[in-house]
Amino acid sequence: MSKLEEKIAAYVAEAKKLNLSLDEKLIAAVAKGLGPSIYNADAETIAASDKAELDRVKTNFLVKKLGLADGPALDAAMEEVIEQVGKSNRNKYRVIVYALLVKKFKKESVYS
């Protein structure tokens, strides 16, 4: 099993543990899209309490990658997804958060 396959399996297991209905193919596609950053412990997770990081997620992922218009709806969606993953959960994996955002905004076509 390659390192990427191991990471994807870990993300799928975490999503199941959190009772999130995420497709394994979507998780794999998001992980591949993130590239080598998933192997860096700091980049692999999202610090929900860091406003600057949340702004980067919004700008670089939601606006640039998914092509969404910036606005309060994006902030509300990010807050909702973080609640789903668990605010107190230390393992807010970027792949899972991004996959939930992709699903929320019905942008799966970006990864197909």
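This report looks at salt bridges and two unusual backbone angles in a predicted model.

## Salt bridges within a helix

Searching the whole structure turns up nine salt bridges. Let's start with a pair in α1, where K17 and E14 come together with an N to O distance of 3.4 Å. Both residues sit in that helix, three residues apart, or about one turn. Their surroundings are quite a contrast: K17 is exposed at 60% relative accessibility, while E14 is buried at 8%.

Helix α4, which covers residues 51-65, has a pair of its own, with D55 and K51 four residues apart, again about one turn of the helix. The closest N and O atoms in this D55 and K51 salt bridge are 3.1 Å apart. K51 has a relative accessibility of 57%, so it counts as exposed. D55 has a relative accessible area of 28% and is therefore partly exposed.

## A link between α4 and α6

Helix α4 also takes part in a bridge that reaches well along the chain. E53 and R94 meet through their side chains at 2.6 Å, N to O. This pair ties together distant parts of the chain, with E53 in α4 and R94 in α6, 41 residues apart.

How buried or exposed are the two partners? E53 has a relative accessible area of 9%, so it falls on the buried side. R94 comes out at 12%, which means it is buried too. The cut-off behind both calls is a relative accessible area under 20%.

## A three-residue network

Salt bridges can also join up into a network here. K58, D70 and D75 are the residues linked in this way.

## Positive phi without glycine

Now for the backbone. N19 isn't a glycine, yet its phi is positive, at about 60°. You'll find N19 in the loop that runs between α1 (3-17) and α2 (24-34). With 69% relative accessibility, N19 is exposed, because anything over 50% counts that way.

K106 is another non-glycine residue with a positive phi, in this case about 55°. Look for K106 in the segment that follows α6 (94-104). Its relative accessible area is 67%, so K106 is exposed.

## Pulling it together

Two of the bridges described above stay within one helix: K17 with E14 in α1, and D55 with K51 in α4. The E53 and R94 pair instead spans α4 and α6. As for the positive phi residues, N19 lies in a loop and K106 in the segment after α6.

Conventions: Residues are numbered from 1 along each chain as its sequence is written. This is a predicted model: local features need pLDDT of at least 70, side-chain atom pairs count only at pLDDT 80 or more; totals for chains, interfaces and linings use all residues. Side-chain values use heavy atoms; hydrogens and water are left out. Buried means under 20% relative accessible area, exposed over 50%, partly exposed in between (1.4 Å probe, protein chains only). A salt bridge is a side-chain nitrogen of Lys or Arg within 4 Å of a carboxyl oxygen of Asp or Glu.
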